[in-house]
Structures are given as C-alpha cells and as structure tokens.
Amino acid sequence: MATMAIPKTKLRSDDIFFLSMALLILVIVVTGFAQSYFLAGMIRAKLPSPIVHVHGALFVSWIFLLVLQASLVTLRNIKLHMTLGILGFILPSLMVIAGILTLFGSVHRGLLDIPPELLLVGDLENLLIFIVLVSWGLLARRQSAFHKRLMILGTMALMGPAIDRWGFGINITIGVILALPLLVLVYDLYSLRRVHRATIVACAMIFTAMLTIFPVSRLGFWQHVITRIRHT
C-alpha cells in the first residue's frame, strides 16, 4: 500500500519563546489569584462587587486568548489565529474600563494593603502602558516581529496585581515586573543579535513607570483624587 508522507512543521525559536512567555504569564496570574479567584470558584468567588467579577472575567479571558493565539501560531493555524484576533480589538478597551472602575472601587472601600495613592499611580500607569502597547501591536499585526513582542510586553505590564499577591512585598513585586521584559530583551540579543525597536520602547515605558511610581505617587494631586473618589 502506498503511503503518503506528512510534512512536519519545524518549530522556530520564536514559536517556543513567545508561547513560553504566554504560558509564564498564565502561571503568574493563576498562582497570584489562586486563593482569591480560581480556587474560590471564579464566578462564585466572594468578590467585593459585581464589577470586580467582570474585571476578573475580562482579564482572565485575555490571558487565555494570549496563550491560545501563541499556540495557534506555533501550530501554523494562522487562519484561526486571525479570526480570533477580532477579540483582540474588543477585550483591551473593556479591560481598561473595568480595570479603572475596579481600581476606583478599591480606593473607595479602603482597607488597602498599600497606600491608595501608590495603588492609583501604579495601576493607572500599567493600564496606560497595556493599552498603548497592545493597540500598537494590533496596528502592526501584519509585522510579526512587532506584533508578538508588543502583545507579550503589553500583557507583562499588567502582572503587578498578580505578583503582589504572592506576598513578598512591593519591592519584590517591582523587581519581578522589571525582570519580565528583560527576558524579551535577552531573547532579542540571542535571536536577532540586537534589541528589537518594539522591545526598546516597551521596556523603556515599563521601566520608567516602575522607577517613577514612588515620586509620582507623592504628588499632592493624588490626595485630591482619592478624596474625590471616596466622597462619590
């Protein structure tokens, strides 16, 4: 009986690396929110308000979409990857809206583990970086090298709340947030023998946000914002 040879898809270093980064992000999120969200039953978790449930569902959907999209590229199922990419245009804006409402709700309720002005500055900066990088990545979706880096690095900017829930303190949280984009930078040097422009811009944004979070949070403006939120 004649046999037909089935060609094997050769994995590229990009396939392995960016899928690994997506899975690393998933691990960070699952371990960070295991007790308060995942093991608590997700939709049955005792969260402080309905908007927090919406916020959690949107952010988890984004992480799973990121892993799925990276997997589809690895498997060369580009058609399905492009079809699901429609969600990439819908979820980010909803995530930012839900993220801001959840943040303001946390400040309004009080009982925070960190100063409210630090929480406001950190989360708002990270949401801004996320939407800027992901929007750029979506616009550059036909430029694979830009697209994959911007989607991963933009999502890395959101890892603060998950890492903070590991319970090692804010300095460790900031350290891990700074270390994550360095993985992409090192990979660029290994694979391209240079740092890709998207990586340079994303790293500069993330590093600037993390290194300025303390001085910016001390500005008197934030006390007025906190007062306004708590009296609304």
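**Exercise 1.** In this predicted model, determine which helix holds T199 and whether T199 is buried or exposed.

*Solution.* The residue T199 belongs to helix α9, which spans residues 197–217. Its relative accessibility is 0%. Buried means under 20%, so T199 counts as buried. Leaving aside residues up to four places away in sequence, T199 touches R149, L153, V184, L185 and D188.

**Exercise 2.** Two of the residues that T199 touches are R149 and D188; determine how R149 and D188 interact.

*Solution.* R149 and D188 form a salt bridge, with their closest N and O atoms 2.8 Å apart. Because R149 lies in helix α6 and D188 in helix α8 (residues 170–191), the pair ties together parts 39 residues apart in sequence. R149 is buried, at a relative accessible area of 1%, and D188 is buried as well, at 0%.

**Exercise 3.** Characterise the packing of helix α1 (residues 13–32) against helix α6 (residues 144–156).

*Solution.* The two helices pack at an angle of about 20°, and their axes are 10 Å apart. The angle makes α1 roughly parallel to α6. The crossing of α1 past α6 is left-handed. On the α1 side, the contact is made by D14, F18, M21, A22 and I25; on the α6 side, by K148, R149, I152, T155 and M156. These residues divide into six nonpolar, one polar and three charged.

**Exercise 4.** Identify what joins the side chains of K148 and D14.

*Solution.* K148 and D14 meet in a salt bridge of 3.2 Å, N to O. Since K148 lies in helix α6 and D14 in helix α1, the pair ties together parts 134 residues apart in sequence. K148 is buried at 15% relative accessible area, and D14 is buried at 19%.

Technical notes: Residues numbered from 1 in each chain as written. Predicted model: local features only at pLDDT ≥ 70, side-chain atom pairs only at ≥ 80, totals over all residues. Heavy atoms only, no water. Helix = DSSP H or I, 4+ residues; strand = E, 2+ residues; numbered from the N terminus. Buried < 20%, exposed > 50% of the residue type's maximum accessible area, 1.4 Å probe, protein only. Contact = heavy atoms within 4.5 Å. Axes fitted to C-alpha atoms, helices over the stretch in contact; angles between N-to-C directions. Parallel < 35°, antiparallel > 145°, perpendicular 65-115°, else oblique. Left-handed = near helix turned anticlockwise from the far one by under 90°. Nonpolar A, V, L, I, M, F, W, Y, C, P; charged D, E, K, R; others polar. Salt bridge = Lys/Arg side-chain N within 4 Å of Asp/Glu carboxyl O.
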